[in-house]
Amino acid sequence: MKLSATHSSATGSTQVPGQKPRVVIIGCGFGGLEAAKALSGADVEIIVIDRTNHHLFQPLLYQVATAGLHAPAIAGPIRHILREQIARGNMTVLMGEVTTIDAASHCIVLDGGEHVHYDHLILAAGATHSYFGRDDWAKYAPGLKTLGDAFTIRRRVLTAFEQAERELDPAKREPWLTFAVVGAGPTGVEMAGTMAEIAQHTLSAEFRRIDSRGARVILLEGAPRVLGTFTEDLSQRAREQLEMLGAEVLTGAKVTNITAFGIHYDLNEIAPDGSTRATSHFLPCRTVIWAAGVAASPLGRALAKSTGCELDRAGRVIVQPDLSIAGHPNIYVVGDLASAKSYLKPDQPTPVPGVSPGAKQMGRKAAFNIMRRMKGLETQAFRYFDYGSLATIGKRAAVAMIDVPFLNKRFKFSGFSAWLFWLFVHVYFLIGFRNRMVVLVDWAWAYFTSQRHARVFPDPHALEPNAMLVRVTPPPEPPVSVTAATPSVPAPSGSSGTAGASVRPGPAGGAAPSPAG
Ligand SMILES: Cc1cc2nc3c(=O)[nH]c(=O)nc-3n(C[C@H](O)[C@H](O)[C@H](O)COP(=O)(O)OP(=O)(O)OC[C@H]3O[C@@H](n4cnc5c(N)ncnc54)[C@H](O)[C@@H]3O)c2cc1C
């Protein structure tokens, strides 16, 4: 089905006389939603397409994964958020996955085969996980990007404690009570700190055969320190706070393989003579969380195929200063899918980080440039305003690096004050008054009781590898502890994410056994 006639100009306007120009926005995350709002007063027809029915506030996704918040507190139906624009009559919201972009005929194709024509296109499809070429690890080590991922992680973490309670053999019980997080960027740090809290406080009085406080939460990071984008002193503070909460931190640890039984990794250590030595280790554990790599949405490749636009090593689309792509002034790419530069200082452009303020500012700028182009005006270069970085670690534990441009000053702080600041900022940016209230009440409850109330999950017989493993007795995998004087292995290229643990592929033949045994 064609939703509109297509037009054949390669780059110029394809607008049908007498009809409003049509702007199609792919993706209603931070970038897409901001673009849709910015265009709401413009004399255009807008079509917003997303493969889900909701806008997701990803910065609080780890709270859903760790049973602190329910999904509706951090996600809202797109058509409800945009209901005023829809009621005005110039906006349509479609739920569907965009599979193809046909720039020559100015249309995109949805999963059902429908063609949707555009005069201007804003591509805001975000990013996905990268396993650095080892996609076979995904089934053992889920990443955290969508609500589905958060539900999977929550079920696996809580199921692991249940399996431990059922297991009578202490040697077999231990891997159920060992939790590994790969990658110590903000997401990995949040996950490790919160999982340690769950073991130490939330569950401590609820089991009879096991003592949840004996569970180990291990954070593995390939780089020499956690939170590599923060300053060294804040990294060190984050590490100390993690350890105080009960997590173990292994830096210089390069993961070489992940199986149903645990993680193989090389640990880099500096020998007394200054050389780097790598020792190989095996950590038996049944629950692994992947927070190490981010890759651009596959729609970046689809766009490159159709337009010949350039991609960077992480698959992000390299955009022009005004966020359009070379040779196609009516196609804009924003947010995590864009490899964009900020022209605050026009002679010294700087890369824009993959964070929500970057996506929102780009979404607004793309909308603004479309409106300028329609008026026959020149488009403007993108300027990113960076106000700093925050990362939470757990209750009363966080680090903050806040830039105040007009004072030309950076404020750094950690601990309780940083945690309060983090809390305020995240509640402030949540969409909807009800969500803000719900989150505040839930957090206040959790603060005073250490309880996490979103611990119910559906059907315990869900087809999850680790839920099924209780039915089989896996052959014990002997711990490896080989010491070898090898040079340190550089991290693979292509990681653009904030949680950048260095990882290299495992040895040949190290395929994971089937969970079905
Ligand atoms: C766990 C986690 C924690 C984070 N924490 C922080 C934080 O604390 N602070 C911060 O600033 N940033 C944080 N980020 C990063 C921030 O969320 C991203 O930078 C931001 O979401 C990027 O916005 P976007 O619009 O490019 O993509 P997204 O917000 O990811 O939106 C992309 C949208 O496109 C849709 N989509 C994708 N492919 C298709 C398709 N083919 N067809 C139709 N629709 C499609 C998706 O469903 C989604 O709705 C975090 C990210 C994660 C994953």
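Below, a biologist and a modeller chat about the sheets, helices and ligand shell of a predicted model.

Biologist: Let's start with the ligand. How many residues surround it, and which are the closest?

Modeller: There are 34 residues around the ligand, and the closest are Gly 27, Gly 29, Gly 31, Gly 126 and Gly 335.

Biologist: And how does the shell divide into nonpolar, polar and charged?

Modeller: The shell around the ligand has 17 nonpolar residues, 12 polar ones and five charged ones.

Biologist: Which helices and strands supply at least two residues of that shell?

Modeller: Helix 1 (30–38), helix 2 (61–65), helix 7 (186–202) and helix 10 (356–374) each do, and so does strand 2 (45–50).

Biologist: Ok, take helix 1 and helix 10 from that list. At what angle do their axes cross?

Modeller: They cross at roughly 35°, and the axes come within 7 Å. The crossing of helix 1 past helix 10 is right-handed.

Biologist: Which residues meet there?

Modeller: On the helix 1 side you'll find Phe 30, Gly 31, Gly 32, Glu 34, Ala 35 and Ala 38. They meet a set in helix 10 that includes Ser 356, Ala 359, Gly 363, Ala 366 and Phe 368. By class, this contact counts eight nonpolar, four polar and three charged residues.

Biologist: Switching to sheets. What's the strand order in the six-stranded one?

Modeller: That open sheet runs 5-2-1-9-21-20, and its pairing is mixed. Strand 5 (91–95) and strand 20 (324–325) are the edge strands, each pairing on one side only.

Biologist: Which helix packs on the sheet, and which strands does it touch?

Modeller: Helix 10 packs on it, touching strand 1, strand 9 and strand 21 (328–333). The direction of helix 10 makes about 165° with that of strand 21.

Biologist: What about strand 1 and strand 9, parallel or antiparallel?

Modeller: Strand 1 (residues 22–26) and strand 9 (residues 120–123) are parallel, with four bridges between them. If you want a spot to look at, Val 24 stands opposite Leu 121 in strand 9.

Biologist: Remind me, what do strands of a sheet pair through?

Modeller: Backbone hydrogen bonds, in either a parallel or an antiparallel arrangement.

Biologist: Now the three-stranded sheet. What's its order?

Modeller: It's an open sheet ordered 25-26-27, with antiparallel pairing.

Biologist: Why is one side of strand 25 and of strand 27 left without a neighbour in the sheet?

Modeller: Strand 25 (388–394) and strand 27 (409–414) stand at the edges, and each has a single partner strand, so one side has no neighbour in the sheet. From one strand to the next, the twist averages 5°.

Biologist: How many bridges pair strand 26 with strand 27?

Modeller: Six, in the antiparallel sense, with strand 26 covering residues 397–404. Val 404 has Lys 409 in strand 27 as its bridge partner.

Biologist: Which helix packs on that sheet?

Modeller: Helix 11 (residues 416–429), which touches strand 25, strand 26 and strand 27. Its direction is at about 70° to that of strand 26.

Biologist: Last topic, hairpins. How many residues lie between strand 6 and strand 7?

Modeller: Four, and His 106 in the turn has a positive phi of about 55°. Strand 6 (residues 98–102) and strand 7 (residues 107–110) run antiparallel, joined by four bridges. In that pairing, Thr 100 has Val 109 as its bridge partner.

Biologist: And in the hairpin of strand 7 and strand 8, which residue takes a positive phi?

Modeller: Gly 113 does, near 95°, and that hairpin has four residues between the strands. Three bridges join strand 7 to strand 8 (residues 115–117), again in antiparallel fashion. Ile 108 has Val 116 in strand 8 as its bridge partner.

Note on methods
Residues are numbered from 1 along each chain as its sequence is written. This is a predicted model: local features need pLDDT of at least 70, side-chain atom pairs count only at pLDDT 80 or more; totals for chains, interfaces and linings use all residues. Two strands pair if DSSP finds at least two bridges between them. Axes are lines fitted to C-alpha atoms, for helices over the stretch in contact, and angles run from 0 to 180 degrees between N-to-C directions. Two residues are in contact if their C-beta atoms, placed from the backbone, lie within 7 Å. A residue is near a molecule or strand if its C-beta atom, placed from the backbone, lies within 6 Å of it. Ala, Val, Leu, Ile, Met, Phe, Trp, Tyr, Cys and Pro count as nonpolar, Asp, Glu, Lys and Arg as charged, and the others, Gly among them, as polar. A crossing is left-handed if the near helix is turned anticlockwise from the far one by less than a right angle, and right-handed if clockwise.
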